[in-house]
Every structure is written in structure tokens, then in C-alpha cells.
Amino acid sequence: MEDFIKPILTLTFISAVIAICCYYLGLKFIPSFVLSTVIQFMVWTLFKYWVDSRTQIKIEQLVNERVQEFRTQSLDCTCPDENCNFVTAVPVVINDTNMYECPKCKKEVKVYIGNKTFLVTAPIDSDPFKEFNFVENTDYDN
Ligand SMILES: [Zn+2]
């Protein structure tokens, strides 16, 4: 109830102050009061629209950041059930036990994160066997 009465009292007070100022400037009180009330409603509506738009944009940015964070810390996991094999993005924590419920078959699935190492290699420029005769098992220039 107080949430409704306080803005009405504020609106009425501001409209009355404006109408009293207009009255002392030679304008009529009631039309000035009504006009200032309508203008306050319009200004308040525009201000509320502006604040809501900014809030909505901020929320969208936070959701996008959250989705981006989710993408960087998730894996595409295939359900191990041979009748399901549904692939879904699963959020993972490297140093923790990772489990999820398959969205398709509703079974609990545990995710083990392993690693495999590879040596970095450099590609060779050309075919190393282009001078080699495989029939005679010797180089061509010999
Ligand atoms: Zn499944």
C-alpha cells in the first residue's frame, strides 16, 4: 500500500508546486496542475522505458558472458549408453568429479578427463623419396 501511496503523494506535491508557481505567474491553477501531472507521467514513462532498456541490455550482456564462460569450460560428451549416444555440452571442472544426467535417456553419466601428449613436429618441404627407386631399392642417381 505504501508503495502505491508514496509515488502518488510525490506526484501530487510536485504538481501542486508547479501549479502554484504557474498561478503566481498569472496562469490558472487547475489546468497547470493537470498539465504538470500529465507531463510528469510522460517523463516518468520515458525514464522508466530508458532504465528498463538499459537493464535489459545489461542482463543480455551478462547472459552472453555466462554462455561464453560456459562454452570455455564445457565438453561435448557422448552418452555411453549404446542405445542413446546423445551428444551434449557438459560443464566440467578439471580438478573435480564431473557428472551429468543425459538429457535424452535421463541416465547419470560420469565424465573422466584424461590427457594425451604429442611431440610437436615440423612438416618437411618436399617428398623425401622422390629420388628413391623403390623397384631397385636404390637412389635414382646411383
Ligand atoms: Zn543417454
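Biologist: Which residue stands opposite Ser74 in strand 2?

Modeller: In this predicted model, Ser74 stands opposite Pro91 in strand 2.

Biologist: How do you know that strand 1 and strand 2 (residues 87-91) pair?

Modeller: Strand 1 and strand 2 are joined by five bridges in the antiparallel sense, and two strands count as a pair if at least two bridges are found between them, so the pairing of strand 1 with strand 2 is met by the definition.

Biologist: What makes you say that strand 1 (residues 74-78) is hardly covered?

Modeller: To be called buried, a residue needs 20 or more other C-beta atoms within 10 Å of its own, and among the five residues of strand 1 the count of buried residues is zero.

Biologist: What joins strand 3 to strand 4, and in which sense do they run?

Modeller: Strand 3 and strand 4 run antiparallel and are joined by four bridges, one of the partnerships being that of Tyr100 with Val109 in strand 4. The two strands form a hairpin with six residues between them, and Lys106, in that turn, has a positive phi of about 65° although it is not a glycine.

Biologist: Why is Lys106 called exposed?

Modeller: Lys106 has 8 other C-beta atoms within 10 Å, and a residue with 12 or fewer is exposed, so the label fits Lys106.

Biologist: Why is Cys102, in the loop between strand 3 (98-101) and strand 4 (108-111), called partly exposed?

Modeller: Cys102 has 19 C-beta neighbours inside 10 Å, whereas a buried residue has 20 or more and an exposed one 12 or fewer; Cys102 therefore falls in between and counts as partly exposed. Leaving aside its neighbours within four places in sequence, Cys102 is in contact with Cys79, Cys84, Phe86, Lys107 and Val109.

Biologist: Why is Asn137 counted as buried or exposed, and on what number of neighbours?

Modeller: Asn137 has 7 C-beta neighbours inside 10 Å, and with a limit of 12 or fewer Asn137 therefore counts as exposed. Asn137 lies in the loop between strand 5 (132-133) and strand 6, and its phi, near 60°, is a positive value in a residue other than glycine.

Biologist: How do you know that the span of helix 1 (residues 2-24) agrees with its number of residues?

Modeller: At 1.5 Å a residue, the 23 residues of helix 1 should span 33 Å, and its end C-alpha atoms are 33 Å apart, which means that the two values agree. Helix 1 is hardly covered, with a count of one buried residue among its 23, and it is followed by Gly26, whose phi is positive, near 105°.

Biologist: How does the radius of gyration of the protein chain stand against that of a compact globule?

Modeller: A compact globule of 142 residues would have a radius of gyration near 14 Å, but the protein chain has 36 Å, and its C-alpha atoms fill a box of roughly 115 × 50 × 30 Å along the principal axes. The chain is divided into domain 1 (2-70) and domain 2 (74-111), whose centres are separated by 50 Å, and buried residues make up 1% of its 142 residues.

Biologist: Where is confidence lowest in the protein chain, and where is it highest?

Modeller: Confidence is lowest in strand 6 (residues 138-139), at a mean of 84, and highest in strand 4, at 94, while the chain averages a pLDDT of 90.

Notes. Residues numbered from 1 in each chain as written. Predicted model: local features only at pLDDT ≥ 70, side-chain atom pairs only at ≥ 80, totals over all residues. Domains from an automatic or database assignment. Rg over C-alpha atoms; globule rule 2.2 N^0.38 Å. Contact = placed C-beta atoms within 7 Å. Expected span 1.5 Å × (residues − 1). pLDDT = per-residue confidence, 0-100.
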